[in-house]
Amino acid sequence: MEKSPTPDAVSLILANPSPDSSSDVSEIIVQVLDLKLMGNRYTFSASDGKMKLRAIFPSNISSEVISGSIQNKGLVRILDYTLNDIPNKSEKYLIVTKCEVVSPALEMEFKAEESNEESGVIKKPKQETLVENEVKAGTGIILKPKQEMVAKSAAQIVYEQRENMAPTARMSLTRRVHPLVSLNPYQGNWTIKVRVTSKGNMRTYRNARGEGCVFNVELTDEDGTQIQATMFNEAARKFYDKFQLGKVYYISKGTLKVANKQFKTVKNDYEMTLNENSEVEEAANEETFIPETKFNFVPIDQLGPYVNGKELVDIIGVVQNVSDKVLLRRKIDNETVPKRDMTIADETKRTVVVSLWNDLATGLGQELLELADKSPIVAIKSLKVGDFQGVSLSTIGRSTMQVNPDIPEAKRLRTWYESEGKGTTMASISSGLSPSSKTGARSMYSDRVALSHITVNPSLGEDKPSFFSIRAYVSLIRNDQAMWYRACKTCNKKVTEAVGSGYWCEGCQKNDDQCNLRYIMVLKVSDSSGDAWVSAFNEEAEKIVGCPADELDKLKSEEGTMNYQEKLKEATWIPHLFRVSVAQNEYNNEKRQRITVRAVAPIDFAAESKIMLEEIKKLTDSK
């Protein structure tokens with residue numbers, strides 16, 4: 001028997017606009033008509049053959065439309081939904097929160113026919129129109145939704161019970177909890193039940209309207225859907241202490257708007273704003289839930305495209321080593337903050353340094369230090385990718401970390417590490433010793449240009465730094481320049497000679513008897529197209545010169561200037577692969593191009609041969 005929509009399905013939906021749970025939903029099968037993409041969601045008309053209702057699929061069902069499971073003129077069974085009013089209109093909007101495919105596309109649009117057996121007359125349905133407030137049947141009888149009677153009954157029950165109930169329990173009974181996926185800016189009243197999975201710090205700002213404060217939280221519901229909620233000024237002060245990481249809350253009377261892609265931290269089309277009139281109640285003394293943390297892991301060898309970008313990344317890796325905690329002083333407010341570095345590796349056989357800050361450095365960071373010899377696995381959400389030493393990762397206020405998480409990716413990584421990775425030589429992603437097969441955006445073999453491409457384009461790096469790879473020789477290192485500076489042994493910042501003895505670090509606010517010397521040099525590099533002056537800092541300069549700055553200083557002071565100059569001369573006319581950044585600096589009201597070495601690597605002749613063969617192939621193919 002050919003499948004068809006449930007008779008009077010639209011009437012059933014209108015009669016029960018807000019079912020309390022999926023179990024309250026009757027068998028509702030509708031035909032999908034006029035399926036089309038609107039933004040990131042698909043809209044359609046839900047038809048039962050007599051009437052139609054404007055409807056929308058949430059973004060998490062879009063993949064089924066794209067894959068072809070849900071088709072235009074196909075049938076779907078609606079398992080859960082909510083019915084909303086469209087502002088300033090008399091129409092209703094059906095939001096399907098859960099459904100399953102019943103049938104692919106039918107040959108044509110389904111039309112229901114009414115039969116009257118006694119008279120033998122078959123009545124054809126009248127012309128279909130979109131359902132408004134009242135549903136008119138073909139017989140001329142007006143079918144009104146039953147919600148008024150249901151709501152009255154529910155209200156009476158709640159009224160009788162609410163006297164002895166806590167506010168949170170009242171909220172859970174009197175309002176239907178909406179899944180996050182069903183929310184949109186056009187809804188009226190709604191209540192959500194969510195867990196705080198990330199909480200940012202209170203921040204202050206200043207603009208043309210004055211000063212203010214702001215903070216945000218990331219909220220996750222039972223289905224794992226996330227949304228970011230932001231609070232300003234009075235609302236920020238009211239709710240900052242109220243929201244506690246890991247606790248579950250009922251939230252209502254907030255507003256939604258389309259998320260700003262530049263600042264959003266979760267995958268949701270919308271973002272939420274809570275004001276001082278919003279309601280937030282902790283869901284205490286009742287069954288709570290633990291939402292699954294959703295990760296979108298980026299392999300270590302593919303971190304390059306995210307360097308200095310606004311997009312945050314999730315990472316998973318095996319801990320190789322963990323450093324001791326250090327205290328650094330922030331320039332902005334002169335406050336001391338704890339920091340700890342750890343190195344992790346993954347199946348790409350690459351390593352990267354992750355800097356843990358604040359509570360992550362002192363709490364889980366200390367735990368990882370004690371577990372380091374057991375090679376624990378860490379999964380970290382929301383990391384910022386920087387260009388320190390080529391590529392590095394850093395936690396921020398909303399970052400979360402799990403140690404040895406019970407997820408498939410961690411089990412797969414553990415199996416690889418025990419069977420193969422433990423005995424494999426790992427290379428830092430910053431070393432650039434091999435190209436990245438997929439993106440290569442920060443590989444020594446991507447964005448390869450000649451020096452002339454940089455020097456003849458003075459506008460490069462005007463808006464933001466541009467990154468390139470070059471193959472060049474160090475042609476000159478001036479021996480009369482100040483090639484190093486005295487640095488703090490803790491934070492590597494510049495120190496000054498203290499009164500009496502020792503060295504004073506402004507960053508750490510302390511005296512130390514000793515200091516380190518760190519390179520900060522300018523050198524000339526050359527290739528077949530020309531030459532350019534570049535700046536190189538400590539780690540990169542050590543690879544170029546071949547020794548630390550302390551050793552070079554000792555050579556100069558103990559063995560004389562001749563040996564010192566000879567050492568610098570030995571470092572010239574050796575080919576290197578350089579990863580450089582190009583930015584604009586202003587000096588005496590004149591913009592100048594500044595080229596900085598971000599990574600240095602020796603020539604990998606096998607990889608270079610492949611690059612040359614590819615270039616030759618391009619030339620032959622173009623002829």
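Trainee: What share of the contacts in the protein chain with a separation of 6 or more comes from residues 24 or more positions apart?

Mentor: The share is 63%. Keep in mind as we go that this is a predicted model. Its protein chain has 13 helices and 33 strands.

Trainee: How much of the protein chain is buried?

Mentor: Of its 623 residues, 44% are buried. The accessible surface comes to about 34600 Å², and carbon and sulfur atoms hold 48% of that surface.

Trainee: Let me try single residues. Why is N216 called buried?

Mentor: Set the value against the cut-off. Buried means under 20% relative accessible area, and N216 has 7%, so N216 is buried. You will find N216 in strand β12, which covers residues 210-220. Beyond the residues up to four places away in sequence, N216 touches K199, G200, R203, Q228, A229, T230 and R398.

Trainee: And what makes S475 count as buried?

Mentor: The reasoning is alike: the limit is under 20%, and S475 has a relative accessibility of 13%, so S475 counts as buried. S475 belongs to strand β25, residues 466-477. With neighbours within four places in sequence left aside, its contacts are K524, V525, S526, T572 and W573.

Trainee: Then why is Y240 called partly exposed?

Mentor: Buried needs a value under 20% and exposed needs one over 50%, with partly exposed in between. Y240 has 23% relative accessibility, so Y240 counts as partly exposed. Y240 sits in the loop between α5 (233-239) and β14 (248-252).

Trainee: How do you know that Y240 is in contact with K199?

Mentor: Contact means heavy atoms within 4.5 Å, and K199 is on the contact list of Y240, together with G200, N201, M202 and F215. Don't mix this up with the C-alpha separation of Y240 and K199, which is 9.0 Å. Along the chain, these two residues are 41 residues apart.

Trainee: Now the sheets. What makes β27 and β29 edge strands in the sheet β27-β28-β29?

Mentor: This is an open sheet of three strands in that order, with antiparallel pairing. β27 (495-497) and β29 (510-512) each have a single partner strand, so one side of each is left without a neighbour in the sheet. On average, neighbouring strands here are turned by 35 degrees against each other, direction ignored.

Trainee: How do you know that β28 and β29 pair?

Mentor: Pairing asks for at least two bridges, and three bridges join β28 (residues 503-505) to β29, with the strands running antiparallel. Within β28 and β29, W504 stands opposite N511.

Trainee: What angle do helices α11 and α12 make where they pack?

Mentor: The angle between α11 (residues 549-559) and α12 (residues 561-570) is about 145 degrees, and their axes are 6 Å apart. From α11, the residues L552, L555, K556 and E559 meet T561, N563, Y564, K567 and L568 in α12. The residues of this contact divide into four nonpolar, two polar and three charged.

Trainee: One last point. Which residues touch the most other members in the largest nonpolar core?

Mentor: They are I477, Y519, M521, L523, L552 and F578, in a core of 35 residues. Another core lies apart from it, with 26 residues, including V319, V352, L360 and M401. L552 is worth finding in the structure, as L552 also takes part in the contact of α11 with α12.

Key:
Residues numbered from 1 in each chain as written. Predicted model: local features only at pLDDT ≥ 70, side-chain atom pairs only at ≥ 80, totals over all residues. Heavy atoms only, no water. Core = buried A, V, L, I, M, F, W, Y, C linked by side-chain atoms within 4.5 Å. Buried < 20%, exposed > 50% of the residue type's maximum accessible area, 1.4 Å probe, protein only. Axes fitted to C-alpha atoms, helices over the stretch in contact; angles between N-to-C directions. Helix = DSSP H or I, 4+ residues; strand = E, 2+ residues; numbered from the N terminus. Nonpolar A, V, L, I, M, F, W, Y, C, P; charged D, E, K, R; others polar. Areas by Shrake-Rupley, 256 points an atom, 1.4 Å probe, with all protein chains shown as cover.
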